[in-house]
Structures are given as C-alpha cells and as structure tokens.
Amino acid sequence: MSMPKDKITGEVVEGWRVFLNQLEKALGLLEKEIDFTSKMVNACTLEWCQVTEETLDEISNSLFSISEPSWISDEDSRKLKALKRKVHDVYAKYKAAAAK
C-alpha cells in the first residue's frame, strides 16, 4: 500500500496558504490602525505603542519563521517574500507614528 503523497502535500499546502492569508489579513488590519492613529495628535499612548509593537513582533516572528515547502508555487513564494517586505514597511509606519 502506497502513501497518498499528493493528497497529503495538497493538505499541507492548503493549510500553509490559509495561515499566510490570515497573517496578511492581520497585517493589513494593523496597518490601517497605524495609518488611522498616525493622523491623530497625541494618539500614540504608551499602551497603544506597546500593543502595536507586540502585535507587529508576533506577525513578524510568524512570517519569518515560516519555512517554504519545496512544493509551493512560485506565486506562493512571491507572496511570502512580499509579506516579509510589507511587515518592514508597516513597522516603519509604526515608528513614524510613535515618534509624533
């Protein structure tokens, strides 16, 4: 009896994509929050800054700890790389908002 490799690989890739999509969604929500807060005077309270930085750290750690399975598509690989760049951009926005 042989192992159903294609089915297993497909399930792993699908789970990988769902995880990546959820990280992308979370990063987008955080970016909107940072954009909104950066427009307000004195909105960056200590509590807001701490929560925002902790959330960014968690998303960043998750993105940078994801291994790229050898069987993912080039499109999936590009998406992961783009999200890694975006987390740096969002962090720069956060630092600018925190400096106000």
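This passage describes how three helices pack in a predicted model and what lies in the nonpolar core. Because the model is predicted, local features need pLDDT of at least 70 and side-chain atom pairs count only at pLDDT 80 or more, whereas totals for chains, interfaces and linings use all residues. Residues are numbered from 1 along each chain as its sequence is written, and side-chain values use heavy atoms, with hydrogens and water left out.

Helices are DSSP runs (H or I, at least four residues) numbered from the N terminus. The axes of helix 2 (residues 46-65) and helix 3 (residues 74-99) come within 10 Å and cross at roughly 165 degrees, where axes are lines fitted to C-alpha atoms over the stretch in contact and angles run from 0 to 180 degrees between N-to-C directions. Helix 2 is therefore roughly antiparallel to helix 3, a term for angles over 145 degrees, while angles under 35 degrees count as roughly parallel. The crossing of helix 2 and helix 3 is left-handed, that is, the near helix is turned anticlockwise from the far one by less than a right angle. Among the helix 2 residues that meet helix 3 are Trp48, Leu56 and Leu63, and the helix 3 residues in this contact include Leu83, Val87 and Tyr94, contact meaning heavy atoms within 4.5 Å. The residues of this contact divide into 14 nonpolar, three polar and two charged; Ala, Val, Leu, Ile, Met, Phe, Trp, Tyr, Cys and Pro count as nonpolar, Asp, Glu, Lys and Arg as charged, and the others, Gly among them, as polar.

The axes of helix 1 (residues 5-38) and helix 3 also come within 10 Å, crossing at roughly 20 degrees, and these two helices are therefore roughly parallel to each other. Their crossing is left-handed. The residues of the contact of helix 1 with helix 3 divide into 11 nonpolar, three polar and eight charged.

The largest nonpolar core has 19 residues, and those with the most contacts inside it are Leu20, Leu27, Ile34, Leu56, Leu63 and Ile66; such a core is a set of buried Ala, Val, Leu, Ile, Met, Phe, Trp, Tyr and Cys residues joined through side-chain atoms within 4.5 Å. Helix 1, helix 2 and helix 3 each give two or more residues to this core. Not counting residues up to four places away in sequence, Ile66 touches Trp16, Phe19, Leu20, Leu23 and Leu80.

Arg17, found in helix 1, counts as partly exposed because its relative accessibility is 31%, the class between buried (under 20% relative accessible area) and exposed (over 50%), with a 1.4 Å probe and protein chains only.

Technical notes. Angles under 35 degrees count as roughly parallel, over 145 as roughly antiparallel, 65 to 115 as roughly perpendicular and the rest as oblique.
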